[in-house]
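Hi everyone, thanks for making time for this. I'd like to walk you through one structure today, and please stop me whenever something needs a second look.

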Amino acid sequence: MQNKDTVVDTTTSKQSFNDDQLPLVVGVDLGGTQIRTAVLRGPTLLSRVSLLTGKNPSPERIIPRTYTAIQEALDKAGTTIEQIAGIGIASPGPLDSRTGVIFAPPNLPGWDHVPLRDIFTEHFHIPIFVENDANTAGLAEYMFGAGRGCNNMVYLTISTGIGGGVIIDGKILEGVSGTAGELGHMTIDWRGGRCNCGNIGCLEYIASGTSIARKANEAIHAGEGIELLTFARTMLEHSRTVPDPSALPTQGHDPATVELRFPPGETDDTSLGNESSSEQQEDDLHVNARTVALAAEAGIPLARAIIQNAAEAIGVGLVNIIHCFNPEMIILGGGVTQLGPMLMEPALRVVQERAMKVPREAVRIAQAQLGENVGLVGAGALIYYYNKQ
Ligand SMILES: [Zn+2]
């Protein structure tokens with residue numbers, strides 16, 4: 001295995017896509033804080049519209065607004081619904097992709113057994129597909145990103161949570177109930193802490209951005225994080241004098257976005273968090289994963305230990321993925337993976353030390369290519385995927 005060499009950041013390389021023959025599609029990325037719609041041809045966004053969900057993301061409020069956002073995207077792309085081959089919707093799970101029913105996603109409060117596919121079909125009268133957002137991101141990388149031409153691959157996204165999409169023999173692994181590929185909830189530490197999902201010691205509980213922040217704040221509250229706290233305060237001071245110091249690099253084709261701000265006042269969430277808000281008070285300072293990462297880079301031992309622990313857990317997760325699926329590729333996406341060598345070197349060392357030789361030598365581990373639009377590209381890709389089946 002070429003572990004040390006194979007994690008390459010390919011996000012800046014422009015792949016020449018030859019997808020001009022693909023029909024136009026609409027992608028909808030349904031998120032907890034933001035809904036985005038786009039008109040796409042293959043991986044290319046012709047338009048993009050974003051809509052903040054606000055504090056009450058009930059289906060009664062959100063669905064009509066999503067219709068409006070789709071119409072805005074169509075207008076902006078200079079096309080009409082009659083020219084669109086289908087609408088793909090990427091949604092937080094759990095959901096049943098065969099029936100298009102969304103169960104009760106923790107990220108979409110108020111949504112309980114919503115027959116989203118039928119509702120959209122009644123409105124638009126064109127093919128509608130609904131799929132788990134981690135699966136659609138995996139599908140996007142498989143069809144148009146780092147996994148192109150690779151029929152057995154696993155996509156692992158490490159962000160506020162950890163999700164996965166598994167492609168086996170060119171097909172999304174769904175399982176009998178449509179919940180296969182919940183890679184963030186594989187057990188890493190069977191005596192560990194209780195994850196939100198109910199299981200103990202999940203990868204998500206140990207290595208997500210949320211978990212990195214939780215560990216830092218626990219240490220601070222226990223009086224062990226003076227140096228980290230001082231670092232965070234310095235950053236906060238700095239953020240008051242420097243505009244927008246927080247942005248992680250974004251990637252991918254990114255047409256200007258139309259913002260539809262129905263409920264004003266909310267801001268985008270990012271996987272590593274953003275604590276540069278000038279309104280934030282020092283006395284309720286909550287250290288987030290981004291600060292921990294910066295502190296680790298600055299050499300603060302507690303921060304380094306927290307990142308190291310997450311990295312090793314991710315390494316164990318990769319070993320499990322390699323052993324379970326024998327993939328040709330594992331593609332890593334999500335904000336936490338942008339921490340780079342600080343995260344990847346310990347993770348890959350664990351893979352090298354622990355994974356069985358044959359599947360380890362067969363796998364390539366690579367960074368995702370599609371960047372922040374992966375959800376929209378994957379939603380749109382559902383139409384191409386199901387048309388091929
Ligand atoms: Zn879990």
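## A walk through the model

Let me start with a single residue: Arg214 is partly exposed, with a relative accessible area of 23%. Please keep in mind throughout that this is a predicted model.

What does Arg214 meet? Its side chain and that of Glu218 come together in a salt bridge, 3.6 Å from N to O. Both sit in helix α6, residues 209–221, and because they are four residues apart, about one helical turn separates them. The partner, Glu218, is partly exposed too, at 45% relative accessible area.

How many salt bridges does a search of the whole structure find? Five. Let me show you two others.

One is between Glu361 and Lys357, with the closest N and O atoms 3.3 Å apart. Here again the two residues share a helix, this time α11, residues 357–362, and they are four residues apart, about one turn. Glu361 is partly exposed at 43%, while Lys357, at 52% relative accessibility, counts as exposed.

The other one has a quite separate character. Arg48 forms a salt bridge with Glu372, and the closest N and O atoms are 3.7 Å apart. This pair links distant parts of the chain: Arg48 is in strand β3, residues 44–52, and Glu372 is in the loop between β14 and α12, 324 residues apart. Is Arg48 buried or exposed? It is buried, with a relative accessible area of 7%. Glu372, on the other hand, is partly exposed at 32%.

Now to the metal, which I suspect some of you have been waiting for. Which residues coordinate the zinc ion? They are His185 through ND1, and Cys195, Cys197 and Cys202 through SG, at 2.0 to 2.3 Å. The angles among the four donor atoms run from 104 to 119°, and the site is tetrahedral. Written along the sequence, the donor spacing is H-x9-C-x1-C-x4-C. His185 and Cys197 both lie in the loop between β11 and α5, so this pair ties together parts that are twelve residues apart in sequence. As for accessibility, His185 is partly exposed at 22%, and Cys197 is partly exposed as well, at 42%.

Next, let's go to a covered region, starting from strand β8, residues 128–132. Five of its five residues are buried, which makes the strand mostly covered. Strand β4, residues 87–91, runs parallel to β8, and five bridges join them. To find the pairing on your screen, look for Gly88, which stands opposite Phe129 in β8.

Then comes helix α4, residues 133–144. Asn132 takes part at the start of this helix: a side-chain oxygen of Asn132 reaches to within 2.8 Å of the backbone nitrogen of Ala134. Why do I call α4 largely enclosed by the rest of the structure? Because eleven of its twelve residues are buried. Among them are Leu139, Tyr142, Met143 and Phe144, and also the polar residues Asn135 and Glu141. For those who like a geometry check, twelve residues at 1.5 Å a residue should span 16 Å, and the end C-alpha atoms of α4 are 16 Å apart, which agrees.

There is also an open sheet of five strands, in the order β11-β10-β9-β13-β14, with mixed pairing. The edges are β11 and β14, each of which pairs on one side only. Within the sheet, β9, residues 153–158, pairs with β13, residues 329–333, in the parallel sense over five bridges. Leu156 stands opposite Leu332 in that pairing.

Last, some backbone details. As a reminder, most residues other than glycine have a negative phi, and most peptide bonds are trans. Where does this model depart from that?

- The peptide bond from Gly93 to Pro94 is cis, with omega near 0°, and Pro94 is placed in the loop between β4 and β5.
- His113 has a positive phi, near 55°; this residue lies in the loop between β6 and β7 and is exposed, at 51% relative accessible area.
- Asp169 has a positive phi of about 50° although it is not a glycine; its place is in the loop between β10 and β11, and Asp169 is exposed at 59%.

That's my tour, and I'm happy to take your questions.

Notes: Residues are numbered from 1 along each chain as its sequence is written. This is a predicted model: local features need pLDDT of at least 70, side-chain atom pairs count only at pLDDT 80 or more; totals for chains, interfaces and linings use all residues. Side-chain values use heavy atoms; hydrogens and water are left out. Donors are N, O and S atoms within 2.8 Å of the metal (3.2 Å for Na, K and Ca); water is not among the atoms, so sites may look incomplete. Four donors count as tetrahedral if all angles lie between 85 and 135 degrees; four count as square planar and six as octahedral if opposite donors are over 155 degrees apart and all others between 65 and 115; anything else is irregular. Buried means under 20% relative accessible area, exposed over 50%, partly exposed in between (1.4 Å probe, protein chains only). A salt bridge is a side-chain nitrogen of Lys or Arg within 4 Å of a carboxyl oxygen of Asp or Glu. The expected span of a helix is 1.5 Å times one less than its number of residues. A polar contact is a pair of N or O atoms within 3.5 Å; within protein, one must be able to donate a hydrogen and the other to accept it, and residues adjacent in sequence count only if both atoms are side-chain atoms. Two strands pair if DSSP finds at least two bridges between them.
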